[in-house]
Amino acid sequence: MRLISESELERLRQTYPKGTRVVLDWMDDPQAPPLGGQGTVIGVDDAGSIMTSWDSGGSLFVAYGADTCHKVATETEAKVTLDWYGKCQPEENATCPRCGSAIAGLTSRQALIRNADIMICSRCGMEEALEAAGLRKKIPLIDWVAIKKSQIGGGPWKG
Ligand SMILES: [Zn+2]
């Protein structure tokens, strides 16, 4: 492990604010989560380690100068995040992961999308149907509020 400079630490903290969704590239630890596995950033410590809560369980740090990770950046990675969010979506009064608006009432009454295991609001459901029919330009998963907000420190998306 090498020591981190003040400016590098600042850069890391800006790049990986709390709530950022990351993908593990490499971790030199027998207890490491699977490579390619995703997690939610808790914060960056003074040594530059990215403290992460892994979806597979555990919270091993991504050690500065030794391990590497990157932000969720592709449609495939965004889908993994959305599937994961879908599992922690509350049954009532959830937030629509696509537009960020509040969904009143039972989540299960809303629209289930085809490409990820998650509920979205009825209005987004209608827009998705139009997109599927080719009547509207498709919004990539990576542009959904749940993903975009996470990447700028919107915190782990809950409900
Ligand atoms: Zn929506």
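Is C99 buried, partly exposed or exposed? C99 counts as partly exposed, at 27% relative accessibility. Here buried means under 20% relative accessible area and exposed over 50%, with partly exposed in between (1.4 Å probe, protein chains only).

The model is predicted: local features need pLDDT of at least 70, side-chain atom pairs count only at pLDDT 80 or more, and totals for chains, interfaces and linings use all residues. Residues are numbered from 1 along each chain as its sequence is written, and side-chain values use heavy atoms, with hydrogens and water left out.

**Fold**

The chain has four helices and six strands. From the N terminus, the order is α-β-β-β-β-α-β-β-α-α. Helices (H or I, at least four residues) and strands (E, at least two) are DSSP runs, numbered from the N terminus. Of the 159 residues, 42% are buried.

**Zinc site**

The zinc ion has C96, C99, C121 and C124 as protein donors, each through SG. They lie 2.2 to 2.3 Å from the ion. Donors are N, O and S atoms within 2.8 Å of the metal (3.2 Å for Na, K and Ca); water is not among the atoms, so sites may look incomplete. Along the chain the donors follow the spacing C-x2-C-x21-C-x2-C. C99 sits in the loop between α2 (75-87) and β5 (111-112), and C124 in helix α3 (residues 122-132), so this pair ties together parts 25 residues apart in sequence.

The site is tetrahedral, with angles of 104 to 113° among the four donor atoms. Four donors count as tetrahedral if all angles lie between 85 and 135 degrees; four count as square planar and six as octahedral if opposite donors are over 155 degrees apart and all others between 65 and 115; anything else is irregular.

The loop that holds C99 also holds N93, between α2 and β5. Phi of N93 is near 50°, a positive value in a residue other than glycine.

Accessibility for four residues:

| Residue | Relative accessibility | Class |
|---|---|---|
| C99 | 27% | partly exposed |
| C124 | 0% | buried |
| D67 | 10% | buried |
| N93 | 53% | exposed |

**Nonpolar cores**

A nonpolar core is a set of buried Ala, Val, Leu, Ile, Met, Phe, Trp, Tyr and Cys residues joined through side-chain atoms within 4.5 Å. The largest has 15 residues. L82, C96, W144 and I147 touch the most other members. Two elements, α2 and α4 (145-151), give two or more residues to this core. The largest share, three residues, comes from α2. Apart from this core lies another, of 14 residues, including L9, V44, I50 and W54. Zinc donor C96 is thus named twice, as it is also a member of the largest core.

**Largest pocket**

The largest pocket has a volume of about 200 Å³. Its lining counts 15 residues, and L12, Y16, I50, Y64 and D67 lie nearest its centre. Two elements, α1 (6-15) and β4 (68-71), give two or more residues to the lining. The most come from α1, with four. By class, the lining divides into seven nonpolar, four polar and four charged residues.

D67 lies in the loop between β3 (50-54) and β4. D67 and I50 are 17 residues apart in sequence and 9.5 Å apart in space, C-alpha to C-alpha.

Terms used
1 Å grid on protein atoms, 1.4 Å probe; cavity = no way out; pocket = protein on both sides within 12 Å on 5 of 7 lines; lining within 4 Å. Points joined across faces, edges and corners; volume = space filled by probe spheres on them. Nonpolar A, V, L, I, M, F, W, Y, C, P; charged D, E, K, R; others polar.
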